[in-house]
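Here is a short set of exercises to work through with the model open in your viewer. Try each task before you read its solution.

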Amino acid sequence: MKLTNTLLALMAAAASTAHHMVSNFYVDGANQGPGVCLRNPPSTDPVFLNSNAIVCNVNGDRAVSMTCPVNAGARITVQWRTWPDGSRDKPLDGSHQGPCAVYMKRMEHGQGSLAGGGWFKIWHDGVYNGKFCSDRIRENGNKMDFTIPRDLAEGYYALRFESIALHQAQNEGGAQFYIGCAQIYLRSIGGNQVPRETVSIPGYTTARHPGILYNYWTRFAAPNYQIPGPSPYISTNNFGTRNPTNTPVRNPDCSTGFRNANWCAPALPSFNSESSCYAGHSKCWAQANDCRRAAGATGSQGCQEYERYCMQVKKVCDACGAARNCNGSFPKGLTKRNSLERRHHRDFS
Ligand SMILES: [Cu+2]
């Protein structure tokens, strides 16, 4: 009995590590960083069609503090990971096969829930050459590439990445959805298009769509596989050729160098007494707690580095208090990238 339980636990662990999520994305080749501009879910677990998490994953109805500027026509590369903190680099699990897609929706700055109408698809990949999109992702370092339509109007948008695993899709409700959402500010190059044909999420497809209720085990990657959802929006020729507008995006100040996903440490105030020095130290730990609360499945390594900084801050106060000379400011933050950032900036292959 004991052995059985151990085996079951091992099997459960193996199953959970087979899932995946979006850990970061690139804009024209520039890595935005782990969790940055993403509504970071708490885990890599899949979501299902009948839940509100189908929109932007678990916690995806909460705005994050960062928005990434993206030019119309930009090439976007999405990094999927089974280990979202970047601790291991392995191809996504081969048992998870299916199509993928990218949707967009105009949003307000800071908008929470993105459920409802206004979504349009900009790219998808189902089956060709006898392979699903999932195979092409695996062969491409777990990355998926697409282009933002060149003619879209300026403004805030959500980008929704979708990968569907069909290994249990022979049963209604069995298709596993892997969803990530990014917040972007689209800089127009002269186009002003607002796609008219949009869908609602949830509601964009049904549990009985032939691409969702699908027996992968008897049909594998059938050439007539139907990708769920609408057809992708195709850019008009009215996109213009001017340089993208340089509209400022309201993002937190990250100049202290301490950051983790969408969180940045504000600088600590200067001090002129032992008590104001320790007040700065308390503020440091309060900020470290904010960092931990904001961290999702891409990890909290940047928070750990900031916590080490808070320990140094305490030493500054201890020393100036002993010398009875507390007047000044705390040493500046790190200028180096933290190790989590370095891990994610290393090219994944
Ligand atoms: Cu899975």
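**Exercise 1. Describe the span that UniProt annotates as a domain.**

Solution. Begin with the geometry: in this predicted model, the end C-alpha atoms of residues 19-224 lie 26 Å apart. Next, look at the secondary structure of that span, which is 5% helix and 35% strand. Finally, attach the label: the UniProt record, an unreviewed entry, lists residues 19-224 as "domain: Auxiliary Activity family 9 catalytic".

**Exercise 2. Work out the order of the open sheet of 4 strands and explain what is special about its edges.**

Solution. Step one is the order: the strands of this open sheet run 2-1-4-9, and their pairing is antiparallel. Step two is the edges, where strand 2 (30-31) and strand 9 (143-147) stand. Each of them has a single partner strand, so one side of each is left without a neighbour in the sheet. Step three zooms in on one pair: strand 4 (residues 75-81) and strand 9 run antiparallel and are joined by 5 bridges. To find your place in that pair, look for Arg75, which stands opposite Thr147 in strand 9.

**Exercise 3. Repeat the analysis for the open sheet of 6 strands.**

Solution. Start again with the order, which is 3-11-10-5-6-12, with mixed pairing. The edge strands here are strand 3 (68-71) and strand 12 (199-201), each pairing on one side only. From one strand to the next, the twist averages 45°. Now check a pair at the edge: strand 3 and strand 11 (residues 176-187) run parallel, with 4 bridges joining them. A handy landmark in this pair is Pro69, which stands opposite Tyr185 in strand 11.

**Exercise 4. Characterise how the two domains of the chain meet.**

Solution. First, set the bounds: domain 1 covers 18-219 and domain 2 covers 259-345. Second, place them relative to each other: their centres, taken over C-alpha atoms, are separated by 34 Å. Third, count the contacts, using C-beta atoms placed from the backbone and lying within 7 Å as the criterion. On that basis, 20 residues of domain 1 are in contact with 11 residues of domain 2.

Which strand gives the most to the side of domain 1 that touches domain 2? That is strand 1 (residues 21-27), with 3 residues. As a last step, sort the residues on this side of domain 1 by character: 9 are nonpolar, 10 are polar and 1 is charged.

Technical notes: Residues are numbered from 1 along each chain as its sequence is written. This is a predicted model: local features need pLDDT of at least 70, side-chain atom pairs count only at pLDDT 80 or more; totals for chains, interfaces and linings use all residues. Two strands pair if DSSP finds at least two bridges between them. Helices (H or I, at least four residues) and strands (E, at least two) are DSSP runs, numbered from the N terminus. Domain bounds come from an automatic or database domain assignment. Ala, Val, Leu, Ile, Met, Phe, Trp, Tyr, Cys and Pro count as nonpolar, Asp, Glu, Lys and Arg as charged, and the others, Gly among them, as polar. UniProt positions are given in the numbering used here, feature names are shortened, and annotations may be inferred rather than shown by experiment. Axes are lines fitted to C-alpha atoms, for helices over the stretch in contact, and angles run from 0 to 180 degrees between N-to-C directions.
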